[in-house]
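Me: I would like to learn how to read a few features from a structure. Could you take me through them one at a time?

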Amino acid sequence: MTIFDQMLGRYDIKTAQEKHNAINEVMQEIALAGLYRGGFFDKAAFYGGTCLRIFHGLPRFSEDMDFSLTEKNVEFDIKNYFPAVIEEFKASGRDVLITKKEKKVQTKVESAFLKDNTEMYDLIFKTEKEIKIKIEVDTDPPLGFSTEQKLSLMPFSFMTRCFTLSDLYAGKMHALIFRSYKNRVKGRDWYDFEWYVRHDIPLNFAHFQIRAKEFNGLDIDKEDFIKMLSEKLGSTDINMVKRDIMPFIQNPAVLDIWSNDYFLQLADRIKYRQP
């Protein structure tokens, strides 16, 4: 049995969607191991929903792997670390390809998440190319965040540098407010927001402000923030929100309480990290 199969054996898989989610997650963990071996985390940190899932037990699966340099460096080239990732997969029993993903910017708002200096790559199996994870690194990131070392035990013991929870929260609130798609809503942002509130995580509002300034050119105070958040939570089609999150969770009943009013009441419970 390969290391990949051993890691996949940890999951209780009953459906094709659950198998797809589990394979994605094993790929993410092996990719992190390869990046660690290559020294990537000397210069970069992991953030986003996948970080929350792997290191903090978020009860939903996640697709993409988002990284930020800890200092701005537009000359940084993540491709230098890909040989270590490919070798890690080979050691686990799988062969992979890493290909550059072309960015398709559709709106000014969405472009805030696809800057020219953000490189995106797809990591795919050589034999099963329908299964892939996206790797994205921001080489000119908004700063003002803190990091911590988080332990993984598979495929071996190693540390990943991650954003702290308060800063992960700030990035998620920026995404929830400003992310825009033409025909759908990213319900995963809403699910994660609920998780932060339920776990009493304090929001690093200062980092949110830096992100809003650098990505969107806006100076936002807390009053502006609450107004913009309330407008988004109160006006979005909640059924679209639910449809997006459904493939990534195992118990759909947790969504029964979801309504616009429910999320507006969650917004009233946001806690802020003290300066």
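What follows goes through strands, the core, salt bridges and a surface patch.

Reply: Keep in mind that this is a predicted model.

Me: Let us begin with strands. Which strand does β5 pair with in the parallel sense, and over how many bridges?

Reply: Strand pairing is read from the bridges between two strands and from their relative direction. Here strand β2 (residues 65-69) pairs with β5 in the parallel sense, over four bridges. One residue of β2 to look at is F67, whose bridge partner in β5 is V137.

Me: How does β4 run relative to β5, parallel or antiparallel?

Reply: Strand β4 (residues 118-125) and β5 run antiparallel, joined by seven bridges. M120 has E136 as its bridge partner in β5. The two strands form a hairpin, and six residues lie between them.

Me: What pairs with β4 in the antiparallel sense over five bridges?

Reply: That is strand β3 (residues 96-100). Within this pairing, I98 stands opposite L123 of β4.

Me: Why can β4 and β5 be called largely enclosed?

Reply: The reading rests on how many residues of a strand are buried, meaning under 20% relative accessible area. In β5 (residues 132-138), six of the seven residues are buried, so the rest of the structure largely encloses this strand. In β4, seven of the eight residues are buried, so β4 is likewise largely enclosed by the rest of the structure.

Me: Now the core. Which residues of the largest nonpolar core touch the most other members?

Reply: To read a core, look for the members with the most contacts inside it. The largest nonpolar core has 84 residues, and those that touch the most other members are F40, F67, L123, F193, F208, F225 and W258. Helix α2 (residues 16-37) supplies the largest share of this core, with nine residues. F67 was met above as the partner of V137, and L123 as the residue opposite I98.

Me: What does W258 touch?

Reply: Leaving out residues up to four places away in sequence, the contacts of W258 include W190, Y191, I238, V241, I245 and F263. Charged residues are also on the list, among them E194 and K242.

Me: How should I read a salt bridge?

Reply: Side chains of opposite charge can pair when their charged atoms come close. In this model the count comes to 19 salt bridges. One of them joins R188 to E63, with the closest N and O atoms 2.9 Å apart. R188 lies in helix α7 (residues 187-198) and E63 in the loop between α3 (49-56) and β2, so the pair ties together parts 125 residues apart in sequence.

Me: Is R188 buried or exposed, and where does E63 stand?

Reply: R188 is buried, at a relative accessible area of 7%, whereas E63 is partly exposed at 32%.

Me: Which residue does D200 meet in a salt bridge?

Reply: D200 meets K271, at 3.2 Å from N to O. D200 sits in the loop between α7 and β8 (202-203) and K271 in strand β9 (residues 271-272), so this pair links parts 71 residues apart in sequence. D200 is partly exposed at 47% relative accessibility, and K271 is partly exposed at 42%. Elsewhere, salt bridges with shared partners join R60, K172, R179, D189 and D192 into one network.

Me: Last, the surface. Which residues form a nonpolar patch there?

Reply: A patch is read as a group of accessible side chains. Y36, L151, L153 and M159 form a nonpolar one, with about 390 Å² of accessible area together. L153 is in the loop between β6 (147-152) and β7 (158-163), and its relative accessibility of 58% makes it exposed.

Technical notes
Residues numbered from 1 in each chain as written. Predicted model: local features only at pLDDT ≥ 70, side-chain atom pairs only at ≥ 80, totals over all residues. Heavy atoms only, no water. Patch = residues over 30% accessible without salt bridge, like charges linked within 9 Å, V, L, I, M, F, W, Y side chains within 5 Å. Areas by Shrake-Rupley, 256 points an atom, 1.4 Å probe, with all protein chains shown as cover. Salt bridge = Lys/Arg side-chain N within 4 Å of Asp/Glu carboxyl O. Buried < 20%, exposed > 50% of the residue type's maximum accessible area, 1.4 Å probe, protein only. Pairing = 2+ DSSP bridges. Core = buried A, V, L, I, M, F, W, Y, C linked by side-chain atoms within 4.5 Å. Contact = heavy atoms within 4.5 Å.
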